[in-house]
Amino acid sequence: MFTVLAGGVGAARFLRGLTRAVDPRQVAAIVNVGDDLHRFGLRICPDLDSITYWLGGVVHPEQQWGRADERFTVSEELARFGHDPWFTLGDRDLALHLHRTLRLREGVPLSAVTAEVTRAFGLDLRLLPATDDEVETRILTQDGRDLHFQEYWVRERAAPEVAHVRLAGADTARPAPGVIEAILDADAVILAPSNPVVSIDTILDVPGVREAIAGTPAPVIGVSPIVGGKVVRGMAHRLLPAVGAEVTAAGVAAYYGDLLDGWLIDTQDEDQAPQVERGGVRCRVTDTMMDDPEVATALARTCLDLAEELGR
Ligand code: GDP
Ligand code: CA
């Protein structure tokens, strides 16, 4: 089994490659739920949904999240009633949120609802929410506001300076069924090229997960989300300094520290390989820009080769 710690789009692009490189039934993704929010009484899980739409082949190709062939009838009508449209929901997308919310109200845990959803989209890999409990990434800004991650990220476009990031609700959260087993029983654990602060840390902060990653006999391999000193997309460069991490491929490896056995960096960052290795982490240099699914597949294979090498 290959277990991937996953955020949204960066992880989805990687998982598209991994599920081509190996049998998808051997893949489990443990997915961040710190981004999840309530809107109009609905439960929305952006990272789970981004992965589902990507692997289900229905993602919006330019935007890279949400649905292709989408309409916004409901959101436009909501504006009529004075609702601020800062978090727009497409009509097709709404159907998933309606289904999920209905099932959650019936008492079905998020992990079980997620299994229904992935089945409906024909996915063969296992998507495991990090926890079935409600947790929420909160951004404390330097101007003293305490924002939900989505208010900071989507409404304010990551403009405010960040003082602190925390996963609210983490103290009482438990890992979802299968999460700890997926880490301890894996042949390799892979940290996807996701946002280290608001995608990966927020999985590690669920009690027991960080300990499982540190204690698993499987090699732990990460892929750098930073290429050429920049985020490939998104705004992770706004968050890394807030946790004291440098916005470089080697900087993120140092931030993960002892959790890593291996680290994959892009050819653009080749000169950083010695620095990574001095930190006691085996480093491989390869093409990590996954716009082309073939590149993503090759990258996944390189991860598994490195895992095998380190497992010996
Ligand atoms: P989000 O939850 O949708 O923001 O997505 P993630 O947390 O999974 O991933 C966001 C990160 O993925 C960003 O920091 C990007 O730099 C990184 N990323 C996206 N596409 C690629 C890619 O093709 N290669 C690499 N190396 N990183 C990528
Ligand atoms: Ca996310």
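Student: In this predicted model, which helix gives the most to the shell around ligand 1?

Tutor: The shell around ligand 1 consists of 21 residues, among them Pro193 and Ser194. One helix, spanning residues 9-21, contributes 4 residues to this shell, the most of any element. The helix asked for is α1.

Student: How many residues of the shell around ligand 1 are nonpolar, polar and charged?

Tutor: The residues of the shell are sorted by class. The counts around ligand 1 are 10 nonpolar, 8 polar and 3 charged.

Student: Which residue has a polar side-chain atom 2.9 Å from an oxygen atom of ligand 1?

Tutor: Gly8 also lies 2.9 Å from an oxygen atom of ligand 1, but through a polar backbone atom. Asp47 uses an N or O atom of its side chain, at 3.1 Å from a ligand oxygen. The side chain that fits the question belongs to Arg13.

Student: How much of the accessible area of ligand 1 does the protein cover?

Tutor: On its own, ligand 1 has 590 Å² of accessible area. Ligand 1 sits in the largest pocket. The protein covers a share of that area equal to 94%.

Student: Which strand has the lowest mean pLDDT among the elements of the chain?

Tutor: The chain has a mean pLDDT of 97, and 100% of its residues reach 70 or more. Strand β2 (residues 27-31) has the highest mean, 99. The lowest mean, 90, belongs to residues 230-231, which form strand β12.

Conventions
Residues are numbered from 1 along each chain as its sequence is written. Chains are lettered from A and ligands numbered from 1 in the order in which they are written. This is a predicted model: local features need pLDDT of at least 70, side-chain atom pairs count only at pLDDT 80 or more; totals for chains, interfaces and linings use all residues. Side-chain values use heavy atoms; hydrogens and water are left out. A residue is near a molecule or strand if one of its heavy atoms lies within 4 Å of it. A polar contact is a pair of N or O atoms within 3.5 Å; within protein, one must be able to donate a hydrogen and the other to accept it, and residues adjacent in sequence count only if both atoms are side-chain atoms. Accessible areas come from the Shrake-Rupley method with a 1.4 Å probe; for residues, only the protein chains shown count as cover. On a 1 Å grid over the protein atoms alone, a cavity is a set of points where a 1.4 Å probe fits but cannot get out, and a pocket is an open set with protein on both sides within 12 Å along at least five of seven lines; lining residues have an atom within 4 Å of a point. A molecule sits in a cavity or pocket if more than half of its atoms lie within 2 Å of its grid points. Helices (H or I, at least four residues) and strands (E, at least two) are DSSP runs, numbered from the N terminus. Ala, Val, Leu, Ile, Met, Phe, Trp, Tyr, Cys and Pro count as nonpolar, Asp, Glu, Lys and Arg as charged, and the others, Gly among them, as polar. pLDDT is the predictor's confidence in each residue, from 0 to 100.
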